[in-house]
Structure formats: structure tokens, C-alpha cells
Amino acid sequence: MPYGERPLRRGGPAAGSSLTRVKVFRDRVTEMTRRLYALAAFHGFIDAVHMTAPCRTAQEQSMANVLILYSTVDGQTLKICQRLQSLVEQQAHRVKLVSVDEAQDAHLPLFDKIVIGASIRYGKHRPQVYDFINRNRSILESRPSAFFSVNVVARKPGKNAPETNPYIRQFHKKSSWRPTALGVFAGKIDYPKYGFRDRQIIRLIMWMTNGPTDPKAVVEFTDWGAVEAFGRRLCAM
Ligand SMILES: Cc1cc2nc3c(=O)[nH]c(=O)nc-3n(C[C@H](O)[C@H](O)[C@H](O)COP(=O)(O)O)c2cc1C
């Protein structure tokens, strides 16, 4: 019987049976407790030890708890993660989106799948990303996981796949974690947002690589179709 539906009405056929009323009451309390546990765990109020919550329904067992962690400076990686979140949630899974700087290692066992997205700045993913991966490698390897990189080199057709992008190659050299799925997405150039020095350096790099150099240019290179395809992979893995 779906949660929230009243099984017995006052004066109904079984209303007289006190045993039935006790069972209904007990089932409701169990269901409410289970939901409170799930909610508290999902929002980080209790840790994994307490997540052995009472009986999950068949529908909830097929529902994955997905953790998406992001490392961003200007927000494009977060935007990509938000798109992935809405895609995965549309497939009836639960998603928690957290900055890699705020993620709590102790909460990782609560999740069925873990995804990390990180942007490139001056040739590198932020060191915090590798610190997090090194600290949590065994848990990352114990379940389906994914990693993707966001950079502007990936705007080039020959460099927009994990096999051809230099920053994924660099990731493989720096980390021995082998995620279930790997992705790479082109990011965004937003000259007005950058400080003078960064703007000039990126303009120079763009001039050398046939990219936009107008100091007022704001160009989003992200292929949202590729992001959506990656989201479908996350659901399937
Ligand atoms: C200061 C700076 C340095 C960057 N360095 C690189 C780089 O070395 N290689 C690259 O492909 N993209 C580089 N980019 C482009 C970023 O990866 C791109 O803007 C991305 O969208 C940033 O993601 P975020 O907004 O999540 O930080 C750089 C951008 C800035 C502003």
C-alpha cells in the first residue's frame, strides 16, 4: 500500500480489529523512521554507520544515491555538474552536489556512485582534486565512479575525447585511480571576468591556437549534447 494512503477508515470493514490497527500503526512508524534516516543521511546529518536503515522498498533499491563533486574556479564545471545532476535526477536517482573542498570523506560510503569533475587552470587540475582522490582511492575503486576534466583545449575536435585530451593523459600519470567512466568537456572563455594578467595570457594562448582574442568575448565551448551523453552513461554504470 503506497505510503500516505490511509488503509483503514473509521467504521470501515476492518476498523474493529485492534490487531490490524496496531500493525498499520507499526508499519507507518517504520516507514516514517526509514524516510527520516534516508533524509538525514542524504543531507549529511548522520554517517554511514547509521545508514543501515530499516527495509528499503524495491523501487528505492533500484534508485542510486549519486555524489557529484566539483572543482571549479569560474563556475563552468559547476554548471556542467548541475546539468548532470538534473539529468540523473530525471532518471529517478538521488544526487548530492558538493564542492570537492567541502566533501566529507566519512560520507562517501553513503553513495552508490561517485563522480568528480575538475577544471584546468594553467595546465593543471587543482591539487585539492588529487588530494581528495589519494585520500579516498579505495572507496572510489569499490563502486562505479567517474571523472571528467573541463578545459579549453577540448574545444578542438582532435582533443575532445579522453583518449586524445592531454589533461586526461596527465590525470592518468598523476593518479592511479581508474574510474569506470572518463569524460572531457570544453569549458568557457569569459575575458571580462578575468583579471588583467590572466586576460592577457589567455588572449595570447588563444591567438596562438586560433581561439577568440577580443577582450570583451564571452564564449561557451561546452558541447551540451556530449554532457547529456555522459549523464546517460552515469545512469547506466
Ligand atoms: C587563468 C586561466 C588559465 C587557464 N588555463 C588553461 C589551460 O592551461 N588549458 C586549458 O585548456 N584551459 C585553460 N583555461 C580555460 C579553463 O579551463 C576554462 O575556462 C574552464 O571553463 C574553467 O572552468 P571553471 O569555470 O570550472 O574553473 C584557463 C582559464 C583561465 C581563466
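A crossover between two strands is called right-handed if, with the strands pointing away from the viewer, the path from the first strand over the helix to the second runs clockwise. In this predicted model, strand S1, helix H3 (residues 76-90) and strand S2 form a β-α-β unit of that hand.

**Overall composition and confidence**

The chain contains eight helices and eight strands. Of its 237 residues, 24% are buried. Among contacts with a separation of 6 or more, 72% join residues 24 or more positions apart.

The average pLDDT of the chain is 85, and 76% of the residues reach at least 70. Two segments have pLDDT under 50 throughout. Residues 1-15 form one of these segments, with 11 contacts beyond four places in sequence in the model. Residues 45-54 form another, with 19 such contacts. Where pLDDT is low, the predicted coordinates should not be read in detail.

**Parallel strand pairs and their crossovers**

The table sets out two strand pairs, each with the helix of its β-α-β unit.

| Strands | Sense and bridges | Helix of the unit | Hand |
|---|---|---|---|
| S1 (65-71) and S2 (94-99) | parallel, six bridges | H3 (76-90) | right-handed |
| S5 (145-151) and S6 (181-186) | parallel, six bridges | H6 (166-174) | right-handed |

Individual residues can be placed within these pairs. Tyr70 has Ser99 of S2 as its bridge partner. In the pair formed by S5 and S6, Asn151 stands opposite Ala186 of S6. In a regular strand the side chains alternate between the two faces of the sheet.

**The ligand shell**

The ligand is surrounded by 21 residues, of which Asp74, Thr77, Ser119, Asn151 and Gly187 are the closest. Asn151, listed here among the closest residues, is also the residue opposite Ala186. By class, the shell consists of nine nonpolar, eight polar and four charged residues.

Several elements contribute to this shell: H3, S3, S5, S7 (188-190) and H7 each provide at least two residues. The largest share is that of S3, with three residues. H3 and S5, both contributors to the shell, also belong to β-α-β units, H3 with S1 and S2 and S5 with H6 and S6.

**Tyr194 in the loop between S7 and H7**

Tyr194 lies in the loop that links S7 to H7. Both of these elements supply residues to the ligand shell. Tyr194 is classed as partly exposed because 16 C-beta neighbours lie inside 10 Å. Beyond its neighbours within four places in sequence, Tyr194 is in contact with Arg199 and Ile202. Tyr194 and Asp74 are 120 residues apart in sequence, while their C-alpha atoms are 9.1 Å apart in space. Asp74 is itself one of the residues closest to the ligand.

**Positive phi outside glycine**

Two residues that are not glycine carry a positive phi. For Tyr122 the angle is about 45°. Tyr122 is located in the loop between S3 (113-121) and S4 (124-125). Tyr122 is exposed, because it has 8 other C-beta atoms within 10 Å, and the cut-off for that class is 12 or fewer.

For Asn210 the angle is about 60°. Asn210 is located in the loop between H7 (196-208) and S8 (218-220). With 8 C-beta neighbours inside 10 Å, Asn210 is therefore counted as exposed. The loops concerned follow S3 in the case of Tyr122 and H7 in the case of Asn210; S3 and H7 each supply at least two residues of the shell around the ligand.

Conventions:
Residues numbered from 1 in each chain as written. Predicted model: local features only at pLDDT ≥ 70, side-chain atom pairs only at ≥ 80, totals over all residues. pLDDT = per-residue confidence, 0-100. Contact = placed C-beta atoms within 7 Å. Pairing = 2+ DSSP bridges. Helix = DSSP H or I, 4+ residues; strand = E, 2+ residues; numbered from the N terminus. Buried ≥ 20, exposed ≤ 12 C-beta atoms within 10 Å, placed from the backbone. Near = placed C-beta within 6 Å. Nonpolar A, V, L, I, M, F, W, Y, C, P; charged D, E, K, R; others polar.
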